[in-house]
Amino acid sequence: MLTLVPPVPLDAVSAASTVPAGSDPPTMPAPSSPAGGPFRWPLAGGTRVTRRFDPPPRPWLAGHRGVDLAGDVGVEVRAAGGGTVLFAGPVAGRPVVTVGHRDGLRTTYEPVRSRLTAGVHVDAGTPVGALLAGHPGCPAPACLHWGLRRGDAYLDPLALLGLGRARLLPLDPTPPGP
């Protein structure tokens, strides 16, 4: 059984907070009040992860730089945390919304049809648009690809909810060879 834990502080979200590929968690309820922390699920109601965060070993290689959440076409997509809309428009032909948060974090949501424009302030839970169909590999009527970045580093967005698993790194990493 999976127990939801309180969200982690923003400074604890790091590239080491990854969820290994494998079995997906069961459907998890969305937090119902702001008392649960500064971040929340971007889809209302139950949330099912259909594909986990699986970053590539090198930034230029293929990988999955976010999580996919099952939903229905037209369902409301909400800002996971308070911040400012940095971008709302097409990227490679797909509609994307990016919200900037404190501490240099940015969350992305796609495919989302939005009427918001850059510069608009949003609170956690503010609607940012409607979920569209067509996300590649989605086993549901529609899937939201939810991403998280700090600078150039892609992070596991589930860490915002306290659901990312820490990956232990060696104390004395072996320096890369020639």
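This report walks through the fold, the core, the salt bridges and a few surface residues of the structure above.

The model is predicted, so local features are described where pLDDT is at least 70, side-chain atom pairs count only at pLDDT 80 or more, and totals for chains, interfaces and linings use all residues. Residues are numbered from 1 along each chain as its sequence is written, and side-chain values use heavy atoms, with hydrogens and water left out.

## Overall fold

Let's start with the whole chain. Its secondary structure consists of eleven strands and zero helices. Helices (H or I, at least four residues) and strands (E, at least two) are DSSP runs, numbered from the N terminus. Of the 178 residues in the protein chain, 39% count as buried. Here buried means under 20% relative accessible area, exposed means over 50%, and partly exposed lies in between (1.4 Å probe, protein chains only).

The chain exposes about 9500 Å², and carbon and sulfur atoms supply 59% of that area. Accessible areas come from the Shrake-Rupley method with a 1.4 Å probe; for residues, only the protein chains shown count as cover. Among contacts in the chain with a separation of 6 or more, 63% join residues 24 or more positions apart. A contact means heavy atoms within 4.5 Å.

## The nonpolar core

In soluble globular proteins, nonpolar side chains tend to be buried together. The largest nonpolar core in this model has 28 residues, and Trp41, Leu69, Val77, Tyr109, Leu144, Trp146 and Leu158 touch the most other members. Such a core is a set of buried Ala, Val, Leu, Ile, Met, Phe, Trp, Tyr and Cys residues joined through side-chain atoms within 4.5 Å. At least two core residues come from each of β2 (67-71), β5 (94-100), β6 (105-110), β9 (127-131) and β10 (142-150). The most generous contributor is β10, with four residues.

One of the β10 residues is Leu144, which counts as buried because its relative accessibility is 0%. Setting aside residues up to four places away in sequence, Leu144 touches Pro42, Leu43, Val67, Asp68, Leu69, Val77, Tyr109, Glu110, Val112 and Leu131. Val77 has contacts of its own beyond four places in sequence, including Thr126, Pro127, Val128, Gly129 and Ala130.

## A small open sheet

Three strands form an open sheet in the order β3-β9-β7, with antiparallel pairing. The edges are β3 (76-78) and β7 (112-113); each has a single partner strand, so one side of each is left without a neighbour in the sheet. Between β3 and β9, the antiparallel pairing runs over three bridges, where two strands pair if DSSP finds at least two bridges between them. Glu76 has Ala130 in β9 as its bridge partner.

## Salt bridges

Glu76 also brings us to the charged side chains. A search of the whole structure finds three salt bridges, each being a side-chain nitrogen of Lys or Arg within 4 Å of a carboxyl oxygen of Asp or Glu.

| Salt bridge | N to O distance |
|---|---|
| Glu76 and Arg78 | 3.0 Å |
| Glu110 and Arg94 | 2.9 Å |
| Arg149 and Asp152 | 3.6 Å |

The Glu110 and Arg94 pair links distant parts of the chain, with Glu110 in strand β6, Arg94 in strand β5 and their positions 16 residues apart. Glu110 is buried because its relative accessible area is 14%, while Arg94, at 22%, is partly exposed.

In the pair from β3, Glu76 is partly exposed at 34% relative accessibility, and Arg78 is partly exposed at 28%. Arg149 counts as partly exposed at 23%, whereas its partner Asp152 is exposed at 70%.

## Strand β4 and the surface

Finally, a look at strand β4 (residues 83-91), where Phe87 is found. Phe87 counts as partly exposed because its relative accessibility is 34%. Together with Leu86 and Val91, Phe87 forms a nonpolar surface patch with about 250 Å² of accessible area. Patches are made of residues with over 30% relative accessible area and no salt bridge: like charges are joined within 9 Å, and nonpolar side chains (Val, Leu, Ile, Met, Phe, Trp, Tyr) within 5 Å.

Thr84 is found in β4 too, and is partly exposed at 32% relative accessibility. Leaving out residues up to four places away, Thr84 touches Thr98, Val99, Gly100, Gly119, Val120 and His121. The C-alpha atoms of Thr84 and Val120 are 5.6 Å apart in space, although the two residues are 36 apart in sequence.
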